[in-house]
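Let's take a walk through this model, one piece at a time. Have the sequence and the 3D view ready.

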Amino acid sequence: MREFRLPGSAGLLMVLLAACNGGEGPLVRDGAGLFTEQQRQQLEVHHRFLLLDHDIDYRVVTTRGGNDIDLAALEHFEALSAGARSSRGRGLLLLFDGERQEVRLEVGYALEGTFPDAFVAYVEQRQMVPFFVENRISDGILASTELIVERAQRASENASWDDEIWLAGSGGAGASASTRTAPGFTTRPASSTHNPVSASARSPKDVVAAYLDAMRRRDNSPELDIYTPESRSMMREWLITPAQMDQVARTYAGCSREELRYSHSSDSAVIRYPIAQRQCAPWFLIRGDEGWQLDLTMQQKAIRFGRNNAWRFDFSSDHPYGFAFEDWVLDGNGFPIRSRDED
Amino acid sequence: MAEEQVRGTDAQSRIERMEQSGLISRQQADRLRAGLTAGAGEPDPSRYGATRRSMPLIAATAVVVLVFVLYVFFAMPPGGGPEVVQDVSSSLNQPETVGAMNKFLSLSIAIFVLVVVPAIILAASYNSLVNKEEAVLTNWGQVESQFQRRADLIPALVESVTRYLGHERETLTEITARRQPDLDRLAEAVDRLAAGQQQVAEARGEDESLIEDQEALTRLFAGSAAVGKDIEGLLAVVEDYPDLASSDQFLELQAQLEGTENRINVARLRFNQAVGEFNSAMRRIPGNLAAGLGGFRRKAYFKADDGSGEADESLFE
């Protein structure tokens, strides 16, 4: 699963923040004091990039013990003029009441078609709330922003997306959720995976197919035999939400022309996709006593995702899977840009 | 609008499907159908007298101003042709007398102050009332639109719950006895919801000047609140079925219904705010004069009957 970390150091964060601040006041108002300064800045930067890339003015407000969350969100939306910083009036406001343990994502008129109530409820219940239940408020917000970005990217493929200009404001669209429990979500379900192919007979492609099948079924069990023992240990500490599993399944459903590459010793393998498919990160696999297994530990260290969900290598991490990418040219940030064969 | 039509057609076919498969009774189906049709669509301004006031005050003001301009033009003392040096002796004030120019100016100023200025103020006040009334109608349109949205969603909710429980009854025969009370609760909840929805639809459709009738609007508010409670009652039945309650399909439906309830609430608050502004303007001077001349009528608040007669909570104060 993806971490919510921006490229570069905290210093870079500060520079980015200063560069895009523009003196218009913060997008994140932590009245309840729930975020560390670093978390607040991280949210601020992500949301400024959302404004920059997709013209969406996304505010975050935390309070303690306010009024009815639905009305309070609308009041904040009006008071902060959410959407006013977007040239097309696209406004979102997330209100989290730390005392009532409730969250609401208020959607402005301009985005009602892109983010209907059902989608907002899905984002809250299937992505945000599982993090909130574990008191990881900032992570929950960042994780949900990822889904918002994905949705906005798809919307921007529609020609009319940029033509519509709305007045900022909200008519009460959006959804609310209690953050005390995440209905229908278990963080450590018993494994229910049925592998039609025995572990030893599985090819790397079979393993990836089994993993994607588990994601489609929202099976986040770390005990599946398609993971290396290290990956299982790591996954036991992970929070994998239903929305994240859906996102993986959805993303890879659109990936094609995968290519399998083995190491010289044939005990490790990589499944990669064409460079143009920027969101289809490669899979790292290793052959152990139980046959081919996903090396998610190394994937987690070596691969990062940019703000448009495009993957890149993290140069600060060494990994033994470089053999599969020797024919690719990477840019300074680790994004693959072209194949050497094209030179 | 096209989306609303599709939703409406979809709701009709749902009701038909449920009736045919025996998930709901004929009476329930009829009530749900009634909830879909009555009072649908945007409010017609003529229904509230907004267009019958065909600008008499504006026309009267225009006539007054025109007459005044003509008067100034023709009543101004003649100065003679361009070849004649103007003889101002009769225009100037002489000892013990008042010149023609002075008389003309005095009379003009008096007419301007006493007739033209009030007419202009009255016309401006009239226009302001028209704008405020339009705001009331627009906001009521939002309320109606959300009512319609809710009416279209209710059959989907009923179908989702009744079909799920019906399926359970068929497949899990050994627990039917245990589930029977739930099925009874469900039938009652559907009954209440369908009846409430029909009442709301009738209340929306029956009154030709609904938003000017406080009693009717209070009744509609009570009916609407009851439907909201009935929806909650139906959702409460579902809470005993975690598989259904936590499914994505049900989450989606629930989100749409809750979203619609919230939109109704927001639209209601904005409508009440617009009504407050309109009614206040009508009571102030010179709004009360313009309202009397223009035939404006006080608008009703869409709220519970708390006996105060004033607007309830406002979002934007």
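Start with helix α4 of chain A, residues 117-133 (helices are DSSP runs of H or I with at least four residues, strands are E runs of at least two, both numbered from the N terminus). It kinks by about 35 degrees at Q127(A), shortly before the proline P130(A); the bend is the angle between axes fitted to the seven residues ending there and the seven starting there. A word on the source: this is a predicted model, where local features need pLDDT of at least 70 and side-chain atom pairs count only at pLDDT 80 or more, while totals for chains, interfaces and linings use all residues. Residues are numbered from 1 along each chain as its sequence is written, with chains lettered from A and ligands numbered from 1 in the order in which they are written.

Back to α4(A): 14 of its 17 residues are buried, so the rest of the structure largely encloses it. Buried means 20 or more other C-beta atoms within 10 Å of a residue's own, with C-beta atoms placed from the backbone. Just after this helix, N135(A) adopts a positive phi of about 60 degrees.

Now look for the sheet in chain A: four strands, open, in the order β6-β7-β8-β9 with antiparallel pairing (two strands pair if DSSP finds at least two bridges between them). At its edges sit β6 (259-262) and β9 (291-294), each pairing on one side only. Further in, β7 (268-272) and β8 (283-288) of chain A share four bridges, and V270(A) has F284(A) as its bridge partner in β8(A).

Terms used:
A residue is buried if 20 or more other C-beta atoms lie within 10 Å of its own, exposed if 12 or fewer, and partly exposed in between; C-beta atoms are placed from the backbone.
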